[in-house]
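Take a look at the structure below. Then read on for a short tour of one helix and two loops.

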Amino acid sequence: MSTKNETAMAIPEQVSPREPGRWREILRSFGALIGLIILCAVLTFLSPNFLTLDNLMNVARQSSINSLIALGLLLAILTGGIDLSVGSILALSTVCMAIVVIKMGMSPLLGVLICLGIGVLLGFLNGVMLTKLHLPHPFISTLGTMNVARGLALIVTAASPISGFPASIQYIGASFWGPIPVSFALVIFVYVVFHLFLTRTTTGRYIYAVGGNPEASRLSGINVDRILIIVYTLSGFLAALAGLVLVGRVNAAYPLAGLGYEFDAIAAAIIGGASFFGGVGTVWGTLIGAMIMAVLRNGLNLLSVSAEMQTVAIGIVIIAAVYVDVLRQRAAAKARR
């Protein structure tokens, strides 16, 4: 009899400590998705125009550029770094494409290859400066690239936009497959590829390892410099790819295009669960983070909120996302003790 009572008393003691942990795990895994659903529900209540097929496809289209840039930022953040140059890479790569295709009358395919090639080259240089010149932090190298690329974009265009792209270049950013924007279909394809890359390849696992503990990764035989060069090269490529989508949408290349895009992309990755401290984050979480940013901007527009107040709101979201990341890290450190 006494044994039964002891068992009955023991059950609550075994279950209760697990409940908070289980809820924390649910929030950690699905917090961004829950936040997106709540945001959509609130906007549906506040604006009758939000939950319509046309508007939702518009949101998907608007999120495409930020989604591609945020994926590159995710890779950098996974290694414990940052890439501030993505917006300027987008501008320089697209204006160079415009010069080749519109000013010089050369093949659109050659223009696209030059656009993507410039993105790859600048991303590669970011990685080389970080690893071979031993700059103290990617903030420094990418900040330098950001200014150099933006300056070159202004010089080669004389600070003027170039418009009049052929239909083949506009296709990605302007066309639809039924109700679905081609740009969003491209995003889904790219995200699937990078999900497989990060989860199914040795290089992908090394990226997480380098972000978790670079010194331990180096001691275990991982070529950390090579991994970092790959990461920043891919980030540059994705920025140029986002530039192709932007050019297709507006049919013009602007030397000031992409200004501030890096901050929205950082916010998307952090909201999606990536950690500024490295080693934590998923591509699907980043996509949800980018969707949250797009839904928020769309909803504020539908509610006729001024551009100034939208900037304030986005800034608050970024601060909140980073603070949540800090809380997650504190909780993780407390759990390890």
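## A helix and two loops

Helix H11 is followed by asparagine 251, whose phi is positive, near 55°. This is a predicted model.

Start with the helix itself. H11 covers residues 224-250. How far apart are its end C-alpha atoms? They are 39 Å apart. That agrees with the expected span, because 27 residues at 1.5 Å a residue should also reach 39 Å. H11 is largely enclosed by the rest of the structure, because 21 of its 27 residues are buried.

Positive phi values turn up again in the loop between helix H6 (138-157) and strand E1 (162-163). Alanine 158 is found in that loop, and so is alanine 159. Neither alanine 158 nor alanine 159 is a glycine, yet each has a positive phi.

| Residue | Phi |
|---|---|
| Alanine 158 | near 55° |
| Alanine 159 | about 65° |
| Asparagine 251 | near 55° |

Is alanine 158 buried or exposed? Alanine 158 is exposed, because its relative accessible area is 59% and the cut-off for exposed is over 50%.

Now turn to another loop. Serine 275 sits between helix H12 (261-271) and helix H13 (283-302). Serine 275 is buried, because its relative accessible area is 1%, and buried means under 20%. Which residues does serine 275 touch, leaving aside neighbours within four places in sequence? Its contacts are Ile77, Ile270, Val280, Asp325 and Gln329.

How values were computed:
Residues numbered from 1 in each chain as written. Predicted model: local features only at pLDDT ≥ 70, side-chain atom pairs only at ≥ 80, totals over all residues. Heavy atoms only, no water. Helix = DSSP H or I, 4+ residues; strand = E, 2+ residues; numbered from the N terminus. Buried < 20%, exposed > 50% of the residue type's maximum accessible area, 1.4 Å probe, protein only. Contact = heavy atoms within 4.5 Å. Expected span 1.5 Å × (residues − 1).
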